[in-house]
Amino acid sequence: MQDNFIDHITIELKSGKGGAGSAHLRREKYVPKGGPDGGDGGRGGHIIIRGNSNLWTLFHLRYTRHVNADNGQNGGKQRSTGANGADAFIEVPLGTVIRDEQGNTVLEILEDQEQAILLHGGRGGLGNWHFKSSTHQTPRHSQPGEEGSQGRFTFELKVLADVGLVGFPNAGKSTLLSVITAAKPKIGDYAFTTLTPNLGIVPYRDSRSFVMADIPGIIEGAHEGKGIGHRFLRHIERNAVLLFLVPADAEDYEKEYNILLTELKEFNSELLDKSRILAISKSDMLDSELKQELRQQLPTNVPVVFISSVAQTGLEELKDLLWKELEHQD
């Protein structure tokens, strides 16, 4: 498997401790009974997650095991507030989901430069001047800083794409992506050519475009951990439209399509609520009469289009169908 596509990591995170408040008493010449003037401690640094549209995987965090924000500085005399601890920023690709140790989703980053505090730094303690009163004019105590927060968090990338390609290995997904986008996925005549998701921008009429993702091939039983498709099924959750590819040389079109549906349902039943289009790939081997005959065997509850990436036929019709479905998502 390609080592540069990392979509799942776990990191120990710790925000900074707040600085202690000062218990300083003012001592200056000609200023009798100067009183308390201890300043507040600075807050501890936050752990902040920030979206970066230039990142496509979590590869840059591959060897990151711990991230700690700085502690806040202690307060000083003359009511001087200690400096806040430096925040620790973690940049992630768009579509990143962050979960706590219980598996609960705590953050989702979907926009470029979007920032969210994952762990707040501890508050700084109050200096002794806060505790001065008419009955207690020289308090000699102050507050300690609060401890920061810590935890073990899982970062999980779900590819953001308008259209997700779903199909068995060798269904022609990579070839289709290479033809209608500028993407250059690895293509071969053996199973599991695609080992990582590939994204490409599909140009459409009037300078419009949409993003298509080639998801690694699914096999029967993928939701149970068989093959490699199960690892990438979560990427389909972000797609607005699912494009199913069944090759023209398949033994049973409807059976193959239903197996793919079953794998998605077993992984996440909500995936079946997404818009679907069925494309019969490699259709250059079929004549028009055979296509009409085969239509009788295909599902009637989903739009069907015959395409050939090699002969580049049916691709405009496919893009029209995809755009129509995408417009319905708005």
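The side chain of Ser15 reaches the backbone oxygen of His120 at 2.8 Å, and a polar atom of that same side chain lies 2.7 Å from the backbone nitrogen of Ser149; a polar contact here is a pair of N or O atoms within 3.5 Å, in which, within protein, one atom must be able to donate a hydrogen and the other to accept it, and residues adjacent in sequence count only if both atoms are side-chain atoms. The model is a predicted one, in which local features need pLDDT of at least 70 and side-chain atom pairs count only at pLDDT 80 or more, while totals for chains, interfaces and linings use all residues. Residues are numbered from 1 along each chain as its sequence is written, and side-chain values use heavy atoms, with hydrogens and water left out.

Ser15 lies in the loop between β1 (8–14) and β2 (47–51), where helices (H or I, at least four residues) and strands (E, at least two) are DSSP runs numbered from the N terminus. Ser15 counts as buried because its relative accessibility is 2%, and buried means under 20% relative accessible area, with exposed over 50% and partly exposed in between (1.4 Å probe, protein chains only). Not counting residues up to four places away in sequence, Ser15 touches Gly45, Ile47, Ala69, Leu119, His120, Gly121, Gly148 and Ser149, a contact being heavy atoms within 4.5 Å.

One of these partners, Gly121, lies in the loop between β7 (115–119) and β8 (150–157). Gly121 is buried, with a relative accessible area of 13%, and, leaving aside neighbours within four places in sequence, Gly121 is in contact with Ser15, Gly16, Gly44, Gly45 and His46. The C-alpha atoms of Gly121 and Gly42 are separated by 9.8 Å, although the two residues are 79 apart along the chain.

Both β1 and β8 belong to an open sheet of five strands in the order β3-β1-β8-β5-β6, with mixed pairing; two strands pair if DSSP finds at least two bridges between them. The edge strands, each of which pairs on one side only, are β3 (66–68) and β6 (105–109). The twist averages 25° from one strand to the next, with axes taken as lines fitted to C-alpha atoms (for helices over the stretch in contact) and angles running from 0 to 180 degrees between N-to-C directions.

Within this sheet, strand β5 (residues 96–99) runs antiparallel to β6 and is joined to β6 by four bridges, and β5 also pairs with β8 in the antiparallel sense over four bridges. Thr96 stands opposite Ile109 in β6 and has Leu157 as its bridge partner in β8, while Ile98 stands opposite Leu107 in β6. Thr96 and Ile98 point one way from β5, Val97 and Arg99 the other way, and all are buried. In a regular strand the side chains alternate between the two faces of the sheet. The hairpin of β5 and β6 has five residues between the strands, and Gly103 in the turn has a positive phi of about 85°.

Further along the chain, six bridges join strand β10 (residues 198–203) to β11 in the antiparallel sense, and Pro203 has Ser209 in β11 as its bridge partner. This hairpin has five residues between the strands, among them Asp206, which takes a positive phi near 55°. Strand β11 (residues 209–214) is also joined to β9 by three bridges, and these two run parallel, with Val163 opposite Met212 in β11.

The largest nonpolar core has 28 residues, and those with the most contacts inside it are Ile236, Phe244, Tyr253, Leu264, Leu278 and Ile280; such a core is a set of buried Ala, Val, Leu, Ile, Met, Phe, Trp, Tyr and Cys residues joined through side-chain atoms within 4.5 Å. The elements that give two or more residues to this core are β12 (241–247), α3 (253–267), β13 (275–281) and β14 (304–306), and α3 gives the most, with six residues. The buried residues of α3 pack against β9 (163–166), β12, β13 and α4 (288–295). At the N-terminal end of α3, Asp252 acts as a cap, with a side-chain oxygen 3.2 Å from the backbone nitrogen of Glu254.
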